[in-house]
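Me: Please take a close look at one single residue of the model shown below and describe its surroundings. I should then like to see how that part fits into the rest of the chain.

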Amino acid sequence: MLLMKLQSREKFSFLQLAHYLARIDNKFGVREEEIILEYCTEMGIENLDSFDVNNFSLENILKDFKSESSKK
């Protein structure tokens, strides 16, 4: 996936989605963090300082992806 081609809002939504998936099993390890940092580098954005799984809405995040190529 060419993450750099995402729109700005889509990049941050993708990052939130990555954080959510990295924590879905209640374990956030070094390898997950490395992958997320690689995503950030590819997108040219900084990593989130904090992620609150309780305020995360998968439905709302998915609405941020507008184009078909971004959705894929």
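Reply: Isoleucine 61 counts as buried, because its relative accessibility is 7%; buried means under 20% relative accessible area, exposed over 50% and partly exposed in between, with a 1.4 Å probe and protein chains only. The model is predicted, so that local features need pLDDT of at least 70 and side-chain atom pairs count only at pLDDT 80 or more, whereas totals for chains, interfaces and linings use all residues. Residues are numbered from 1 along each chain as its sequence is written, and side-chain values use heavy atoms, with hydrogens and water left out.

Isoleucine 61 belongs to helix H3, which covers residues 58–63. Helices here are DSSP runs of H or I with at least four residues, strands are runs of E with at least two, and both are numbered from the N terminus. Apart from neighbours within four places in sequence, the contacts of isoleucine 61 are Ser13, Gln16, Leu17 and Phe56, a contact being heavy atoms within 4.5 Å. Glutamine 16 is 45 residues from isoleucine 61 in sequence, yet their C-alpha atoms are 7.9 Å apart.

Serine 13, one of the contacts of isoleucine 61, sits in helix H1, residues 8–23. With a relative accessibility of 4%, serine 13 is counted as buried. Beyond its neighbours within four places in sequence, serine 13 touches Ile61, Asp64 and Phe65.

Phe56, a further contact of isoleucine 61, leads to the aromatic rings. Rings of Phe, Tyr and Trp (its six-membered ring) pair if their centres lie within 6.5 Å; planes under 30 degrees apart count as stacked, over 60 as edge-to-face and the rest as tilted. Three aromatic pairs result from this rule. In one of them, the ring centres of phenylalanine 14 and tyrosine 39 are 5.1 Å apart with the planes at 70°, so the pair is edge-to-face. This pair joins distant parts of the chain, since phenylalanine 14 is in helix H1 and tyrosine 39 in helix H2 (residues 30–43), 25 residues apart. Phenylalanine 14 is buried, because its relative accessible area is 14%, whereas tyrosine 39, at 30%, is partly exposed. Phenylalanine 51 and phenylalanine 56 make a tilted pair, with 5.7 Å from centre to centre and 55° between the planes. These two residues, phenylalanine 51 and phenylalanine 56, are both buried. Ring pairs also bring Tyr20 together with Phe51 and Phe56 in a cluster.

Alanine 18 is another residue of helix H1, and its relative accessibility of 12% makes it count as buried. Its contacts, leaving aside neighbours within four places in sequence, are Ile36 and Tyr39. Between alanine 18 and isoleucine 35, 17 residues apart in sequence, the C-alpha distance is 8.9 Å.

The loop between H1 and H2 holds asparagine 26. This asparagine 26 is exposed, because its relative accessible area is 75%. Although asparagine 26 is not a glycine, its phi is positive, at about 65°.

Towards the other end of the numbering, serine 70 lies in helix H4, residues 68–71. Serine 70 has 9% relative accessibility and therefore counts as buried. From serine 70 to asparagine 55 the C-alpha distance is 23 Å, with their positions 15 residues apart in sequence.

These details fit into the chain as follows. The protein chain has four helices and zero strands, in the order α-α-α-α from the N terminus. Its radius of gyration is 12 Å, which agrees with the value near 11 Å for a compact globule of 72 residues; the radius is taken over C-alpha atoms, and the globule rule is 2.2 Å times the number of residues to the power 0.38. The C-alpha trace spans about 30 × 25 × 20 Å along its principal axes. Buried residues make up 29% of the 72 in the protein chain. Of the contacts between residues at least 6 apart in sequence, 72% join residues at least 24 apart.
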